[in-house]
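Visitor: I should like to learn how to read a protein model, feature by feature. May we go through one together?

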Amino acid sequence: MPSDDRQSVGRLQQAIEESDFAWSLCLIGEDQSHKLAALADDLRGGPSNTGDGKQITSGFAYWGIAPTVAWAHACNDPYYPVMQQSIESFPQRWRRVRAKLAEMPYHYVSLGVGTGSKDRQILHDLLTANPDLLYMPVDMSAEMLRLGMRESLKGVSIPRRQMVPVQLDFAIEENLVELRRLLEAVVGAEPILFSLLGNTMANFDDDVRLLGLLTRLLRPQDRFLLEVATTDELNDDLAAGAAEEYERSRAYGEFVTSALMHYTDLTINMDNVVYRGSVEGDRALRVKIIYQNRTGGDLRFMLPDRTRVTFPDRDTIRLYLTRKYARRGLDGMLDSLGVRKLHGMHSGLAAHRSAQPFGMNLLLFATGETTAARPPQTSRAEEIWSSYRT
Ligand SMILES: C[S@@+](CC[C@H](N)C(=O)[O-])C[C@H]1O[C@@H](n2cnc3c(N)ncnc32)[C@H](O)[C@@H]1O
């Protein structure tokens, strides 16, 4: 960068640093109109009674100010225990896992910042070892970044120039290549702690592929912190119990319908939100949350580009997907990705201790010794990844 440009960036940072106004600088990685087109395409899917046609995929469920605010409300709802307890019990679980991180000056990249309260805890500790750390929350939702950062910085002393929020869809391989490139340019070979917390992984159809993509960000000196919801057993009753856990919360229902309300002109009837639990092979309980046309007649709804979609009677729109992973399968999943587990920490969910074997696992891992599990090189993106893996 020419020195004049560097000076202007420096002056801008200084002006922001000295201002009392709540400015935040944010790097936007993608054209948001393309994202809107992708969301509209997903909502044009064919008819299905089971939530396998029209859908709102992960990321879009939180995208925009209304879903962001609805998510923050749901996280505080005592009737939605998964997230509330995941947030409340995080400091204690993190404290144990933290002891397994080498005393290194890590930078911190938070994949999916959410309400930011877990990041606050992590930042607090990492800053002690590395006051110069770079904090890079990455999220598809600019509004979530703004909200999450406000929370993550409460009581944490970090100059604004060390915070770089990035609006990016991390489920796209090319985006991760660019993220890696950006990190290399900013922190060089210094170690980075990446996190994917709050069972975010479970929201993706191809969850293991997503985790595989994200773990490619790791160099030998880096670490990855993963939090997933777990179950000790798999059966249909537990699957129904897992679905009920979400169904109980009105605030969660408002969150899960928020994107549909925001991006279509459908009049939402909460009685048409259906929570379906099932067993996904030997690996997880899966909960699909769908919106079903139960009016007895065909409907039509309008998308943001003013096109209309027919929504026949009994047709569905999948609003959200989540899972509880079989605890005994987690190590195998990490092995299949070629990563090395350094620590795993399990805790039960208080509300279910007596009744249901549900909990949360916090896993810390590093890149493995081999790259045997990585898929063969197929794309330009893969060639670029390889050049980082030295
Ligand atoms: C379940 S919340 C978890 C929030 C937080 N990590 C926690 O544990 O409380 C998922 C977060 O990931 C973000 N997210 C979901 N899919 C994404 C994607 N494909 N790309 C970027 N961010 C995504 C959402 O906007 C949201 O902030």
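The dialogue below takes up the overall form, then strands, helices, loops and single residues.

Guide: Please keep in mind from the outset that this is a predicted model.

Visitor: How many helices and strands are there in the protein chain?

Guide: The protein chain holds 14 helices and 14 strands. Its radius of gyration is 21 Å, close to the 21 Å that the globule rule gives for 390 residues, so the chain is as compact as a globular protein of that length. Taken along the principal axes, the box filled by the C-alpha atoms is roughly 65 × 45 × 45 Å.

Visitor: What part of the 390 residues is buried?

Guide: A residue is called buried when its relative accessible area is under 20%. In this protein chain, buried residues account for 54% of the 390. The accessible surface comes to about 17500 Å², and carbon and sulfur atoms contribute 50% of that area.

Visitor: Which contacts join residues at least 24 apart, and what is their share?

Guide: One begins with contacts between residues at least 6 apart in sequence; of these, 76% join residues at least 24 apart.

Visitor: And how far apart are the mean positions of the positive and negative charges?

Guide: The chain has 45 positive and 51 negative charges, and their mean positions lie 2 Å apart.

Visitor: Let us turn to the strands. Why is strand E14 described as largely enclosed?

Guide: One counts the buried residues of the element. Strand E14 covers residues 358-367, and 10 of its 10 residues are buried, so the strand is largely enclosed by the rest of the structure.

Visitor: Which strands are joined to E14 by bridges?

Guide: Strand E7, residues 223-231, runs antiparallel to E14 and is joined to it by 8 bridges. Within that pairing, Val228 has Asn361 of E14 as its bridge partner. Strand E13, residues 339-348, is also antiparallel to E14, with 9 bridges between them. There, Met345 is the bridge partner of Leu362 in E14.

Visitor: How is the hairpin of E10 and E11 built?

Guide: Strand E10, residues 299-302, and strand E11 run antiparallel and share 4 bridges. Arg300 stands opposite Thr310 of E11. Between the two strands are 5 residues, and in this hairpin Arg306 takes a positive phi near 70 degrees.

Visitor: What sign of phi do most residues have?

Guide: Most residues other than glycine have a negative phi. Two further cases may be examined here. Asn199, which is not a glycine, has a positive phi of about 60 degrees. Asn199 belongs to the loop between strand E6 (192-196) and helix H9 (207-215). Arg314, likewise not a glycine, has a positive phi of about 75 degrees. The loop that holds Arg314 lies between strand E11 (308-311) and strand E12 (316-326).

Visitor: Are these two residues buried or partly exposed?

Guide: Asn199 counts as buried, because its relative accessibility is 4%. Arg314 has a relative accessible area of 39% and is therefore partly exposed.

Visitor: Which residues of helix H4 are buried?

Guide: The buried residues of H4 are Pro81, Val82, Met83, Gln84, Gln85 and Ser86. Since 6 of the 8 residues of this helix (residues 81-88) are buried, H4 is largely enclosed by the rest of the structure.

Visitor: How should one describe the surroundings of a single residue, for instance Asp125?

Guide: One states its element, its burial and its contacts. Asp125 is in helix H6, residues 117-129, and is buried, with a relative accessible area of 15%. Leaving aside residues up to four places away in sequence, Asp125 touches Trp94 and Arg98. The C-alpha atoms of Asp125 and Asn235 are separated by 40 Å, and these residues are 110 apart along the chain.

Visitor: And where is Glu254 found?

Guide: Glu254 is in helix H11, residues 250-256, and counts as partly exposed at 39% relative accessibility. Beyond its neighbours within four places in sequence, Glu254 is in contact with Ala70 and Met270. From Glu254 to Ile268 the C-alpha separation is 9.8 Å, for 14 residues in sequence.

Visitor: What does Ala326 touch?

Guide: Ala326 lies in strand E12 and is buried, with a relative accessible area of 3%. Not counting residues up to four places away in sequence, Ala326 touches Thr231, Leu234, Asp282, Arg283 and Ala284.

Conventions. Residues numbered from 1 in each chain as written. Predicted model: local features only at pLDDT ≥ 70, side-chain atom pairs only at ≥ 80, totals over all residues. Heavy atoms only, no water. Rg over C-alpha atoms; globule rule 2.2 N^0.38 Å. Buried < 20%, exposed > 50% of the residue type's maximum accessible area, 1.4 Å probe, protein only. Contact = heavy atoms within 4.5 Å. Areas by Shrake-Rupley, 256 points an atom, 1.4 Å probe, with all protein chains shown as cover. Lys, Arg positive; Asp, Glu negative; His and termini not counted. Charge placed at Lys NZ, Arg CZ, Asp CG, Glu CD. Pairing = 2+ DSSP bridges.
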